Amino acid sequence: MSDCLFCKICEGKIPAAITYRDEEVVAFKDIGPKAPFHQLVIPIRHIASLVETKPEDAALLGKLMLVASKLAAEAGFAASGFRVVANAGPDAGQSVPHVHLHALAGRSLGWPPG
Ligand code: AMP
Ligand code: ZN
């Protein structure tokens, strides 16, 4: 989608610290990290929100989770732990309308979330 920030990152039109890429998924460091480790994992295909996902997106959504977990584990957080979060809609604070998982680690993460 031409005016989507995360689509532009996938297309290389906006720079990002890319940590993973395959034919369906891109991951990159969050520009405003909320924890010592904070990466975003996104589908290359533009999907505005989890609300818009369909049953046929199940494998893609699962892959996002697998990539988030792999990146956190490879960064050394398999034992200490990490959190994977997706914000959907205004009450959750979704600010970029392109589906993304946050992978967070490196500090004790409060629960319940704010
Ligand atoms: P959310 O608020 O759940 O929609 O998450 C959007 C995330 O995107 C926030 O954590 C932002 O810090 C992050 N973000 C916004 N712009 C960029 C960018 N250009 N590169 C990397 N992360 C970004
Ligand atoms: Zn997009």
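Here is a chat between a student and a tutor about a predicted model of one protein chain.

Student: Let's start simple: how many helices and strands are in the chain?
Tutor: This is a predicted model, so we're reading computed features here. From the N terminus on, the elements run α-β-β-β-α-β-β. Count them up and you get 2 helices and 5 strands.

Student: What is the radius of gyration of the chain?
Tutor: The C-alpha atoms fill a box of roughly 40 × 30 × 25 Å along the principal axes. For 114 residues the globule rule gives 13 Å, and the chain's value is close to that, so the chain is as compact as a globular protein of that length. The radius of gyration itself is 14 Å.

Student: What percentage of the residues are buried?
Tutor: Buried means under 20% relative accessible area. The outside of the chain exposes about 6,600 Å², with carbon and sulfur atoms supplying 60% of that. As for the buried residues, their share of the 114 is 37%.

Student: How far apart are the centres of the positive and negative side chains?
Tutor: There are 11 positive side chains and 11 negative ones. Take the centre of each set, and the two centres lie apart by 6 Å.

Student: Which strands do the buried residues of α2 pack against?
Tutor: Helix α2 covers residues 58-77. Its buried residues include Leu-60, Leu-64, Val-67 and Leu-71. The strands that the buried residues of α2 pack against are β1, β2, β3, β4 and β5.

Student: Is Leu-66 buried or exposed?
Tutor: Leu-66 lies in helix α2 too. Its C-alpha is 9.8 Å from that of Val-41, which is 25 residues away in sequence. The cut-off for exposed is over 50%, and Leu-66 has 63% relative accessibility, so Leu-66 is exposed.

Student: How many aromatic pairs are there, across the whole structure?
Tutor: One pair is Phe-6 with Phe-28, whose centres are 5.3 Å apart. Another is Phe-37 with Phe-77. A search of the whole structure gives a count of 2.

Student: For Phe-6 and Phe-28, how many residues apart are they?
Tutor: Their planes meet at 75°, which makes the pair edge-to-face. Phe-6 is buried at 6% relative accessible area, and Phe-28 is buried at 3%. Phe-6 sits in helix α1 and Phe-28 in strand β2, so to speak distant parts of the chain, and the separation is 22 residues.

Student: And what kind of pair do Phe-37 and Phe-77 make?
Tutor: Phe-37 is in strand β3 and Phe-77 is in helix α2, 40 residues apart. Both Phe-37 and Phe-77 are buried. Their ring centres are 5.5 Å apart and their planes are at 55°, so the pair is tilted.

Student: Which residues does Thr-19 touch, leaving out those up to four places away in sequence?
Tutor: Thr-19 is found in strand β1. With a relative accessible area of 31%, Thr-19 is partly exposed. Setting aside residues up to four places away, Thr-19 touches Ala-27, Phe-28, Lys-29, Gln-39 and Leu-71.

Student: Asp-57 is in a loop, so where does that loop lie?
Tutor: Asp-57 is buried, with a relative accessible area of 6%. Leaving aside neighbours within four places in sequence, Asp-57 is in contact with Arg-45, Ile-47 and Glu-52. The loop that holds Asp-57 lies between β3 and α2.

Student: Is Ala-79 buried or exposed?
Tutor: Ala-79 is in the loop between α2 and β4. Its C-alpha is 15 Å from that of Ala-68, 11 residues apart along the chain. At 81% relative accessibility, Ala-79 counts as exposed.

Student: Last one: which residues does the cis peptide bond join?
Tutor: Most peptide bonds are trans. For this cis bond, omega is about 0°. Look in the segment after β5, where Pro-112 lies. The bond joins Trp-111 and Pro-112.

Technical notes:
Residues are numbered from 1 along each chain as its sequence is written. Chains are lettered from A and ligands numbered from 1 in the order in which they are written. This is a predicted model: local features need pLDDT of at least 70, side-chain atom pairs count only at pLDDT 80 or more; totals for chains, interfaces and linings use all residues. Side-chain values use heavy atoms; hydrogens and water are left out. Helices (H or I, at least four residues) and strands (E, at least two) are DSSP runs, numbered from the N terminus. The radius of gyration is taken over C-alpha atoms; the globule rule is 2.2 Å times the number of residues to the power 0.38. Buried means under 20% relative accessible area, exposed over 50%, partly exposed in between (1.4 Å probe, protein chains only). Accessible areas come from the Shrake-Rupley method with a 1.4 Å probe; for residues, only the protein chains shown count as cover. Lys and Arg count as positive and Asp and Glu as negative; His and the chain ends are not counted. The place of a charge is taken as NZ of Lys, CZ of Arg, CG of Asp or CD of Glu. Rings of Phe, Tyr and Trp (its six-membered ring) pair if their centres lie within 6.5 Å; planes under 30 degrees apart count as stacked, over 60 as edge-to-face and the rest as tilted. Contact means heavy atoms within 4.5 Å.
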